[in-house]
Amino acid sequence: MKRRFSRRFRSETGQAIVEAAFVIPLLILLLCGILDFGWIFANQLEVDNCSREGARFAVVNADAADLTTLVTGRVESVAGLSSADDITVVVDFVGSQDVRVQVTKRVQVLTPLAGIFVPDQQLDLESTTVMRVG
């Protein structure tokens, strides 16, 4: 009688399913984290490059009357963005010889798991570049 019960409890027929039930959610969480991190990192690099290019353009054209409009157009054309993409460009002069360009972009996260940690499933990415005129 003891042998029958011990054989029955030693059976490993459902072991793989139970292990998969434990591992698959962790793998999905890891994959979603990698995707969102890569997406946000790529967008932050884009915002950094747009800010730097806008500052270069502002330094070259510092005497233009509508400098903010010119820089905004340049920043949008560099990355293929438009004002509909929730991008904001602020250009101002710091002191008498420095120009500061601040670019802010609103980015939607890719996976709903990252949306748990981010309000409205959107992040504001920002970059500021200061360059000397002249």
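Here is a short chat about how some features of this predicted model get their labels.

Modeller: Local features need pLDDT of at least 70 and side-chain atom pairs count only at pLDDT 80 or more, while totals for chains, interfaces and linings use all residues. Residues are numbered from 1 along each chain as its sequence is written, and side-chain values use heavy atoms, with hydrogens and water left out.

Colleague: Thanks! How do you know that strand 2 and strand 3 pair?

Modeller: Strands here are DSSP runs of E with at least two residues, and helices are runs of H or I with at least four, numbered from the N terminus. Two strands pair if DSSP finds at least two bridges between them. Eleven bridges join strand 2 (residues 98-108) to strand 3, so the definition is met. One of the partnerships links valine 101 to threonine 129 in strand 3.

Colleague: What makes helix 2 a neighbour in contact with the sheet?

Modeller: Contact means heavy atoms within 4.5 Å, and helix 2 (residues 15-60) touches strand 2 and strand 3. Its direction makes about 30° with that of strand 3; axes are lines fitted to C-alpha atoms, for helices over the stretch in contact, with angles from 0 to 180 degrees between N-to-C directions.

Colleague: Why is aspartate 120 called exposed, and what is glutamine 121 called?

Modeller: Buried means under 20% relative accessible area, exposed over 50%, and partly exposed in between (1.4 Å probe, protein chains only). Aspartate 120 has 63%, so it is exposed. Glutamine 121 has 29% and therefore counts as partly exposed.
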